[in-house]
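Me: I'm new to reading protein models, and I'd like to understand the words people use for them. Could you go through some with me?

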Amino acid sequence: MSPQAQLVMILWVPTIFWLFIRFSREKEKAVIIGFIVAWLFLPQKAGFSIPGLPDYDRISATCYGIFVATFIFDFQRFRSFKFSWLDVPILILCIVPFFSSMANDLGPYDGFSATLNQTVQYGFPYFLGRIYLTNFSSLKKLVIAIFLGGLVYVPLCLYEVKMSPQLHRMVYGYEGTRSFLQSIRLGGYRPTVFMRHGLSVAMWMMAATLIGIWLWQSGMLKKLWNIPMTWLIGGMMITFILLKSTGAYVYLLYGLVVLFTAKWFRNAIPLLFLIFSISFYLFLGATGNFAGQNADQVISFVSQIVPPERVESLAFRFDNEEALVQKAMKQPILGWGGWGRNRVFDYNYADELVDVSITDSLWIMSYGVNGAVGLFSIFAVSLLPPLVFLLRYPARIWFHPQVAPAAIVAIILPLYMLDCTINNQFNPVFMVMSGALSGFVLTKANPITRRVISTQTRRNLTDNTNLI
């Protein structure tokens, strides 16, 4: 870690305090800016060890800073929180590491430590989104901020497409990625900017592009900085294509299918299908039924759409996951706990016991470490709120400016969970979105939104009557 990276990490918490003072009447802005700036620009592999607490890195620093700032400047906010059934998955996700440790005889200290880590990584962002971003106005600020974050990344991505991933080294003095070789794709470079992996950048730009299109189509944002949205979206789309991420292309394409199905046909079937497909895949995977011929059929189907090297990568992941599932099924309820006990070991040519597994996806990691309980909770955190949103807000009103911000959040979360079935690119902003959408769907619709729903319902009934 370089001196400038150390300095940035030290100054980050005071910066969050300043944000709370600067936006004293709109503290949700401080929360949004804190998370997004931290995710987009703070250094990788930088931080400090704190005895008894999770390491101080860019995510925990942001969570600690916002949590303490809320305690100092906005204590009443904590009292606004009312526990609901939608919060049960995040509660289980935070505490299941303790029970996994105890079930594997790792002791209560290991259990408390793992629980604290999980709470800081997942629980804090969810909770802060849950208490700060639960209404239309705050959700609108959140999605516009993500779109702005995408726009800011456009020139940085274009620079790295041309020059290779260099910005982290230029600013912080060292490489921020795990492997530079993974940045080379299709005869060019895949940008990483200040993130850990190019896939994280692609996922972020996918979300920002989809939000931009949604804001434009819903009429919420026609110009930004006096520039027409069509120009901004066009530039972002070109940049997104240059990121060379096949998975992100598929997610954006599917998001557009959801968008235009809702707009033209006024139904939410594609989104509902996505949520249930992810759930069904997890069920098949966790029970060991997604293997052999079933996996081969998926590979055969995908090979008709994507390039051969991507198909080989997917087949390699499925093969690894098959072995990891067999290991996980020996401790199916609470998993193997930490310390790599969920991985598969075998003897090499020198008769040494070595780790022969490669874990790429979030789902298989959660299943192996915390069992079915951990797997259910981590996906339920981001799939249940969109499902409840579908039930409360019909697709025919998703493009109304009063509902559009929540609708696009409800679409992005399942797309992120879809990515988590093949990758593990954690992003705390998506956890903030989960908490925000949970709070939104639990809040009684405001009078304007209720009027929108009733008006649209009456209009539909009238249309149907005329047809008869």
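**What the words mean here**

Reply: Happily! Let's start with Glu 26, which is partly exposed because its relative accessible area is 30%, and partly exposed is what lies between buried (under 20% relative accessible area) and exposed (over 50%), using a 1.4 Å probe and protein chains only. This is a predicted model, in which local features need pLDDT of at least 70, side-chain atom pairs count only at pLDDT 80 or more, and totals for chains, interfaces and linings use all residues. Residues are numbered from 1 along each chain as its sequence is written, and side-chain values use heavy atoms, leaving out hydrogens and water.

Me: What makes Glu 26 and Lys 141 a salt bridge?

Reply: The term asks for a side-chain nitrogen of Lys or Arg within 4 Å of a carboxyl oxygen of Asp or Glu. For Glu 26 and Lys 141 the N to O distance is 3.1 Å, and their side chains meet in a salt bridge. Glu 26 lies in the loop between α1 and α2 (27-41), while Lys 141 sits in helix α7 (residues 136-163), so the pair ties together parts 115 residues apart in sequence. Helices here are DSSP runs of H or I with at least four residues, strands are runs of E with at least two, and both are numbered from the N terminus.

Me: Which salt bridge does Lys 141 form with Glu 28, and at what distance?

Reply: The side chains of Lys 141 and Glu 28 meet at 2.7 Å, N to O. This pair also links distant parts of the chain, with Lys 141 in helix α7 and Glu 28 in helix α2, 113 residues apart. Both Lys 141 and Glu 28 are buried.

Me: How do you know that Glu 175 and Arg 169 meet in a salt bridge?

Reply: Their N to O distance is 4.0 Å, and the definition accepts a pair within 4 Å. Glu 175 counts as partly exposed because its relative accessibility is 34%; Arg 169 is partly exposed too, at 37%. Elsewhere, salt bridges that share partners join Glu 26, Glu 28, Lys 29 and Lys 141 into one network. A search of the whole structure finds eight salt bridges.

Me: Why is Asn 226 called exposed?

Reply: Its relative accessible area is 64%, and exposed means over 50%, so the word fits. Asn 226 is found in the loop between β3 (223-224) and β4 (227-228). Its phi is near 65 degrees, a positive value in a residue other than glycine.

Me: And why is Arg 266 called partly exposed?

Reply: Arg 266 has 40% relative accessibility, so it falls in the range between buried and exposed. The residue is in the loop between α11 (246-265) and α12 (269-286). Its phi, near 55 degrees, is positive in a residue other than glycine.

Me: Where is Thr 15 found, and why is Thr 15 called partly exposed?

Reply: Thr 15 is found in helix α1 (residues 3-22). Its relative accessibility is 29%, so it counts as partly exposed. The C-alpha atoms of Thr 15 and Thr 62, 47 residues apart along the chain, are separated by 9.9 Å.

Me: What about Val 88: where does Val 88 lie, and why is Val 88 called partly exposed?

Reply: Val 88 lies in helix α5. Its relative accessible area is 34%, so partly exposed is the right word.
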